[in-house]
Amino acid sequence: MTPRDTIDVRPITEPETRDWIRALNAGFLRSPEVSERELADRSSYLVPERTLGAFDGDLPHSRLRSSGGTPIVATFRSFPQELTAVGGTPVPANAITNVTVTATHRRRGLLTRMMAADLAAAKARGDVVATLIAAEYPIYGRYGFGPATCTTQWTVDVPRAGLDPRWSGPPAGGRIDLVDAEDVRRIGPELHERFRRAQPGAVSRTDRWWQINTGVLRLDRVPWTEPFYAVYRSAAGEVEGLVSYESDDNWGDAKQPLNTAEVNWLIAVTPEAERALWQYLCSIDWITRVKTGWRAPDDLLPHVLPDPRAAHITTQSDWLWVRILDVVRALEARTYAGTGTLVLEVADRDGLSAGRYRLDAGPAGADCAPTTQRAELTLDVSDLAALWLGDESAVRLAALGRVREEREGAASVADALLRTSRRPWCPDTF
Ligand SMILES: CC(C)(COP(=O)(O)OP(=O)(O)OC[C@H]1O[C@@H](n2cnc3c(N)ncnc32)[C@H](O)[C@@H]1OP(=O)(O)O)[C@@H](O)C(=O)NCCC(=O)NCCS
């Protein structure tokens with residue numbers, strides 16, 4: 001085993017990009033080979049100062065090295081993002097991705113070193129939170145991250161759903177039209193901006209996202225087939241919803257259609273648009289199954305169907321993990337369900353956010369400041385992250401022994417303030 005101090009953790013330089021991608025591919029168990037297309041694509045958006053590598057100077061012969069430099073055995077990258085808080089205020093987030101440690105170098109603290117360097121830089125920069133989508137649940141809690149949104153995938157058994165087979169479009173003057181990729185590039189980003197500013201837990205999207213999802217940018221590892229795009233417009237002609245979906249071509253022996261429509265993504269800014277797009281997807285002739293893709297756990301879908309049991313859950317999981325870097329700004333960024341005061345003792349073993357804070361909260365916003373008053377609720381910063389977007393319950397965390405009431409009833413007060421009537425949701429992966 002290589003002694004820890006021969007491994008250097010630092011930002012990469014531009015000529016090291018190819019080796020860094022090789023290490024990334026190896027860490028994700030993909031062929032390490034880096035095509036010219038992949039190199040050009042990743043070079044177009046990688047920011048070397050925020051792209052960390054672990055360099056093993058004791059590794060003379062390595063498939064992970066193509067440039068003759070020191071082999072890279074771990075990767076880590078962050079980029080700027082905005083995350084919508086409850087109430088609609090976007091906060092600056094340090095989005096973390098491309099985290100890998102080569103199998104030969106696991107469990108020697110390389111992730112811990114890269115994480116510490118990146119979170120310290122994010123805190124110094126003034127980011128309010130860090131975000132990530134965790135490959136595996138047990139990895140990130142130790143670094144102060146908590147699961148802050150969940151996701152659900154349903155599969156709809158269309159014949160069982162009980163929808164009116166004569167349905168031919170949305171009621172009340174709304175309409176649905178098929179559009180092409182060029183239309184999506186024109187209307188999608190603006191629609192998404194409206195969507196994500198109203199959706200707690202949603203994150204900003206880059207132009208690259210739209211390029212990939214409309215076939216402008218083709219990646220080696222994501223085969224491209226042009227999907228269907230359908231747009232919902234209100235009676236006033238406003239674009240209010242957009243869906244991308246694909247269908248297979250599957251017929252049964254008795255000459256009955258058995259096609260499955262798979263939703264790539266669906267966003268809507270009004271309930272009318274959301275309901276209409278689901279009804280549309282479940283009313284396409286030949287389609288007997290609809291796979292919904294990653295949805296909010298309280299998506300309208302099951303209850304758009306006369307028989308909601310026709311939509312059965314195929315996946316339910318934690319999704320966006322949040323790490324609070326600035327407790328005061330995080331708590332002041334959101335609105336609250338009621339009016340009240342709460343003193344929180346926040347533990348943070350990395351010291352980034354530890355302290356006692358008094359929160360004076362109300363429906364229009366909050367004041368939050370360090371205090372010496374007696375704490376009412378003691379909790380870890382990872383549990384505060386799980387509570388912050390409103391999805392978790394302090395009473396439940398107290399029952400689990402994870403938050404401690406220093407004053408009886410404080411967990412109920414926290415829930416009355418922090419919880420939201422609709423659940424937070426992040427539709428994106430990054
Ligand atoms: C997840 C991964 C990056 C961890 O890297 P690592 O360098 O081995 O992690 P560290 O040595 O810094 O581990 C720190 C601690 O986390 C624990 N840990 C790390 N990965 C873990 C996992 N997958 N499950 C459970 N515990 C894990 C370690 O046991 C260690 O615990 P300790 O502090 O009690 O000793 C690495 O295993 C990996 O590349 N996995 C495959 C790719 C992947 O899942 N990437 C994450 C994408 S979101």
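The following paragraphs walk through a predicted model, going from its domains to its two sheets, its nonpolar cores and a few individual residues.

The chain is divided into domain 1, covering 4-127, domain 2, covering 152-315, and domain 3, covering 327-418. Between the centres of domain 2 and domain 3, taken over C-alpha atoms, there are 37 Å. Two UniProt annotations, both from an unreviewed entry, can be set beside this division: one, "domain: Eis-like acetyltransferase", covers residues 201-324, and another, "domain: Enhanced intracellular survival protein", covers residues 327-427. Over residues 201-324 the chain is 18% helix and 35% strand, with the end C-alpha atoms 14 Å apart, whereas over residues 327-427 the chain is 30% helix and 28% strand, with the end C-alpha atoms 25 Å apart.

A convenient place to begin is the sheet of seven strands, which is open, has mixed pairing and follows the order β8-β9-β10-β11-β12-β7-β13. Its edges are taken by β8 and by β13 (311-318), and since each of these has a single partner strand, one side of each is left without a neighbour in the sheet. From one strand to the next the twist averages 25 degrees. Within this order, strand β7 (residues 150-157) runs antiparallel to β12 and is joined to it by three bridges, and Thr155 stands opposite Lys291 in β12. Two helices can then be placed against these strands. Helix α5 (residues 181-198) lies across β8, β9 (228-233), β10 (239-247) and β11 (259-268), and runs at about 125 degrees to β10. Helix α7 also packs on the sheet, where it touches β8, β9, β10, β11 and β12, and its direction makes about 25 degrees with that of β10.

Two loop residues in this part of the chain deserve a closer look at their backbone angles. Most residues other than glycine have a negative phi. Ala172, in the loop between α4 (158-161) and β8 (175-179), has a positive phi near 60 degrees, and it counts as exposed because it has 8 C-beta neighbours inside 10 Å, where 12 or fewer is the limit for that class. Trp286, in the loop between α7 (271-281) and β12 (287-291), has a positive phi of about 85 degrees although it is not a glycine; with 14 C-beta neighbours inside 10 Å, Trp286 counts as partly exposed.

Further along the chain there is an open sheet of five strands, again with mixed pairing, in the order β17-β16-β15-β18-β19. Here β17 (365-370) and β19 stand at the edges, and because each has a single partner strand, one side of each lacks a neighbour in the sheet. Reading inward from β17, six bridges join β16 to β17 in an antiparallel arrangement, with Leu359 opposite Cys368 in β17. Helix α10 (residues 381-388) packs on this sheet, touching β15 and β18, and its direction makes about 100 degrees with that of β18. Helix α12 packs on the sheet as well, touching β15, β16, β18 and β19, with a direction that makes about 110 degrees with that of β15. Strand β15 (residues 340-347) pairs with strand β16 (residues 355-362) in the antiparallel sense over seven bridges, and in this pair Val343 stands opposite Arg358. By contrast, β15 runs parallel to strand β18 (residues 377-380), to which four bridges join it, and Val346 stands opposite Leu379 in β18.

The nonpolar interior can be described next. The largest nonpolar core has 82 residues, and those with the most contacts inside it are Val129, Ile324 and Leu377. Apart from this core lies another, of 30 residues, among them Leu191, Ile267, Val290 and Val304. Leaving aside neighbours within four places in sequence, Ile324 is in contact with Val129, Ala330, Ser353, Val381, Leu384, Ala385 and Trp388.

A last residue is Glu406, found in the loop between β19 (404-405) and α12 (410-418). Glu406 is partly exposed, with 14 other C-beta atoms within 10 Å. With neighbours within four places in sequence left aside, the contacts of Glu406 are Arg374, Ala375, Glu376, Leu377 and Thr378. As for Leu24, which lies 382 residues from Glu406 along the chain, the C-alpha atoms of the two residues are separated by 46 Å.

Terms used
Residues numbered from 1 in each chain as written. Predicted model: local features only at pLDDT ≥ 70, side-chain atom pairs only at ≥ 80, totals over all residues. UniProt positions renumbered as here; feature names shortened; annotations may be inferred. Domains from an automatic or database assignment. Buried ≥ 20, exposed ≤ 12 C-beta atoms within 10 Å, placed from the backbone. Contact = placed C-beta atoms within 7 Å. Pairing = 2+ DSSP bridges. Core = buried A, V, L, I, M, F, W, Y, C linked by C-beta atoms within 7 Å. Axes fitted to C-alpha atoms, helices over the stretch in contact; angles between N-to-C directions.
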